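Reader: I would like a close look at a single part of this protein, namely its largest nonpolar core. Which residues touch the most other members, and which elements give residues to this core?

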Amino acid sequence: KIDKVDRLVLKTMAEPARIAFFGTPPFAVPALRACQAVGTVVAVVTQPDRPRGRGQHVTPSAVKAEAERAGLAVLQPPKLKGTDFGERLRALRLDVAVVAAYGRILPPDVLSAPRLGCVNVHASLLPRWRGAAPIQWALASGDAETGVGLMQMEAGLDTGPVLAFRRTPILP
């Protein structure tokens with residue numbers, strides 16, 4: 001788990017932190033850019049290209065498009081559970097993995113592959129609105145505020161400790 005000592009280690013490392021980034025939709029692109037600003041993104045993991053839009057043309061995710069623009073390695077495993085993907089990540093000698101709206105639950109072997117584990121950028125003030133569509137649920141429920149949280153990932157869905165958060169009012 002990332003604690004104050006681990007954060008200090010990341011700040012004082014002789015080399016930038018080795019990061020794997022997991023994300024898919026446009027919401028995740030700013031988090032990918034932030035990871036590039038603070039470390040070395042050695043792999044970007046995103047959902048496989050899918051048919052989108054009225055014409056159902058196979059289109060890459062927003063995260064894949066951004067990663068390719070930046071010249072980053074892109075991985076698009078069709079599934080994670082029951083594969084050797086955790087070992088593939090372990091071979092990258094990662095310090096941390098950052099997840100932002102990836103769209104799949106990470107199995108234990110993937111969660112434990114980075115030295116410091118995985119952190120999730122979540123679009124709500126946890127524990128309220130765990131899971132998918134937290135922004136939509138906050139709006140539909142008439143919440144006065146929402147925010148973004150950074151949490152240490154565990155095997156459950158959005159159940160790890162919250163490391164940091166930023167609140168924002170929901171305006172008309």
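Author: Contact here means heavy atoms within 4.5 Å, and the model to which this cut-off is applied is a predicted one. With that in place, Val 63 is a useful starting point: leaving aside residues up to four places away in sequence, Val 63 touches Phe 21, Gly 23, Thr 24, Pro 25, Ala 28, Val 29, Leu 32, Val 44 and Thr 46. In the largest nonpolar core, which has 18 residues, the ones that touch the most other members are Phe 21, Leu 32, Val 41, Val 44, Val 63 and Val 98. Two or more residues of this core are given by each of strand S1 (17-23), helix H2 (29-38), strand S2 (39-45), helix H3 (62-69), strand S6 (96-100) and strand S7 (118-122), and H2 supplies the largest share, with 4 residues. There is also a second, separate core of 17 residues, which includes Val 45, Ala 97, Leu 111 and Cys 118.

As for the setting of these cores, the protein chain has 6 helices and 9 strands; its radius of gyration is 16 Å, close to the 16 Å that the globule rule gives for 172 residues, so the chain is as compact as a globular protein of that length. Buried residues account for 41% of the 172 residues, and of the contacts with a separation of 6 or more, 56% are between residues 24 or more positions apart. Toward the outside, the chain exposes about 9700 Å², of which carbon and sulfur atoms supply 60%.

How values were computed: Residues numbered from 1 in each chain as written. Predicted model: local features only at pLDDT ≥ 70, side-chain atom pairs only at ≥ 80, totals over all residues. Heavy atoms only, no water. Core = buried A, V, L, I, M, F, W, Y, C linked by side-chain atoms within 4.5 Å. Buried < 20%, exposed > 50% of the residue type's maximum accessible area, 1.4 Å probe, protein only. Rg over C-alpha atoms; globule rule 2.2 N^0.38 Å. Areas by Shrake-Rupley, 256 points an atom, 1.4 Å probe, with all protein chains shown as cover.
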